[in-house]
Amino acid sequence: MNMTDMKHSRQYKAENTVIKIGNLKLGNGGFLLAAGPCAIESANQYATIAQKVKQAGANVIRGSIFKPRSSPYSFQGLGHDGLRLIRDLGDEMDILVETEVMDPRDVKEVSRFVDILRVGARNMQNFDLLKELAKLDMPIILKRGMSATYQEWLMAAEYLMVNGNDQIILCERGIRTFEPALRNTLDLAGVAYLKHQTHLPIIVDPSHATGKRNLILPASKAAIAAGTDGLIIEVHHDPEHALCDGAQSLLPSQFNDLVTEIQPYLTIEKKHIHRKGDL
Ligand code: PEP
Ligand code: MN
């Protein structure tokens, strides 16, 4: 098959895909700023963090209830019980909500409770999951597998696009390299490169890319310079006691500072955040 026939390709479609999610228009300068806990631990924890990040300027609340943990003894997430929490919070706070779906059998159900679905790095090439998701007509964040090439990542996007859903948001979250100091290696050249290869928007997750709280700000600024359409950032009001990824979670006040620091590069109004154009 030719690149000209691949739905994700710039050769297939020259102009940027614009994804409308609520008031957010991604792909024509709109900026997705997702923040929230790695894992939803309780209604109270989720709401506390969500309120603070919304106030700071986030336009999407992140939070997982199905957790792909390396150890079976680690907190696995609230599971199906968390679905109602997510939808209710989104409705009550009038904000977009997203979550990860891991199991192809859960896709239909989870899709009814969120505005955006997320495919995690470990599932980028879970083809049965991708085939279930391909039946939907809703925005999907597709994270890059930790050792996936650009081509493999784009072909995973193609799996989601076969039925004509072009609401695919690529997410660079770092790859595994020979460097052990950080959790992953953030591949920002890939962000710039993929802008040429695909018309799909691409966002960056500096939290999983670095694994360190004090690197989230510089990584976020660098991601904006590289052309990202958004950021997805982990925030926790009590990172010391977080059930997942506390070391990379910003305090709400630090997230607030981050939004202030990236303001010069963005126009952030109430629910409308826009890139100021190329730096
Ligand atoms: C997440 O965003 O919650 C997550 C688990 O990240 P990743 O899939 O990129 O490891
Ligand atoms: Mn996490």
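## A tour from the manganese site to the helices

H208 is buried, because its relative accessible area is 8% and the cut-off for buried is under 20%. Keep H208 selected; the tour starts from this side chain. The model is a predicted one.

**Stop 1: the manganese ion**

Select ligand 2, the manganese ion, and show the side chains around it. Which protein atoms are its donors? They are C38 (SG), H208 (NE2), E234 (OE) and D245 (OD). Their distances to the ion run from 2.0 to 2.4 Å. Now look at how the donors are spread along the chain. Their spacing reads C-x169-H-x25-E-x10-D. Colour two of the elements that supply them. H208 belongs to helix α7 (residues 206-210), while E234 belongs to strand β10 (residues 230-234). The two are 26 residues apart, and the pair links distant parts of the chain.

Turn on a surface and go to E234. Is this residue buried or exposed? E234 is buried, with a relative accessible area of 0%.

**Stop 2: from E234 to R62**

Stay on E234 and add R62. Their side chains form a salt bridge, 3.5 Å from N to O. E234 is thus a manganese donor and a salt-bridge partner of R62. Both R62 and E234 are buried. Where does R62 sit? Its place is the loop between β4 (60-61) and α2, whereas E234 is in strand β10. The two are 172 residues apart in sequence, so this bridge ties together separate parts of the chain. In total, the structure holds 14 salt bridges. Two further ones come next.

**Stop 3: along helix α2**

Select helix α2, residues 82-93. Show R84 and D88. Their side chains meet in a salt bridge, 3.0 Å from N to O. Both residues lie in α2, four residues apart, or about one turn of the helix. How accessible are they? R84 counts as partly exposed, at 46% relative accessibility. D88 is also partly exposed, at 30%.

Move to R87. This residue is buried, with a relative accessible area of 13%. Add D115: R87 forms a salt bridge with it, and the closest N and O atoms are 3.5 Å apart. R87 is in helix α2, and D115 is in the loop between α3 (107-111) and β6 (116-119). The pair therefore ties together parts that are 28 residues apart in sequence. Add D91 to the selection as well. Salt bridges with shared partners join R87, D91 and D115 into one network.

**Stop 4: α1 against α2**

Keep α2 and add helix α1, residues 43-56. What angle do the two helices make? They pack at about 35°, and their axes are 11 Å apart. The crossing of α1 past α2 is right-handed.

Show the side chains in the contact:

- From α1: A43, Y46, A47, A50, Q51 and K54.
- From α2: L85, I86, L89 and M93.

Colour them by class. Eight are nonpolar, one is polar and one is charged.

**Stop 5: N44, and a line across the model**

Finish on N44, which also lies in helix α1. Is N44 buried or exposed? N44 counts as exposed, at 58% relative accessibility. Now draw a distance from its C-alpha atom to that of L188. The two C-alpha atoms are separated by 35 Å. Along the chain, N44 and L188 are 144 residues apart.

How values were computed
Residues are numbered from 1 along each chain as its sequence is written. Chains are lettered from A and ligands numbered from 1 in the order in which they are written. This is a predicted model: local features need pLDDT of at least 70, side-chain atom pairs count only at pLDDT 80 or more; totals for chains, interfaces and linings use all residues. Side-chain values use heavy atoms; hydrogens and water are left out. Donors are N, O and S atoms within 2.8 Å of the metal (3.2 Å for Na, K and Ca); water is not among the atoms, so sites may look incomplete. Buried means under 20% relative accessible area, exposed over 50%, partly exposed in between (1.4 Å probe, protein chains only). Axes are lines fitted to C-alpha atoms, for helices over the stretch in contact, and angles run from 0 to 180 degrees between N-to-C directions. A crossing is left-handed if the near helix is turned anticlockwise from the far one by less than a right angle, and right-handed if clockwise. Contact means heavy atoms within 4.5 Å. Ala, Val, Leu, Ile, Met, Phe, Trp, Tyr, Cys and Pro count as nonpolar, Asp, Glu, Lys and Arg as charged, and the others, Gly among them, as polar. A salt bridge is a side-chain nitrogen of Lys or Arg within 4 Å of a carboxyl oxygen of Asp or Glu.
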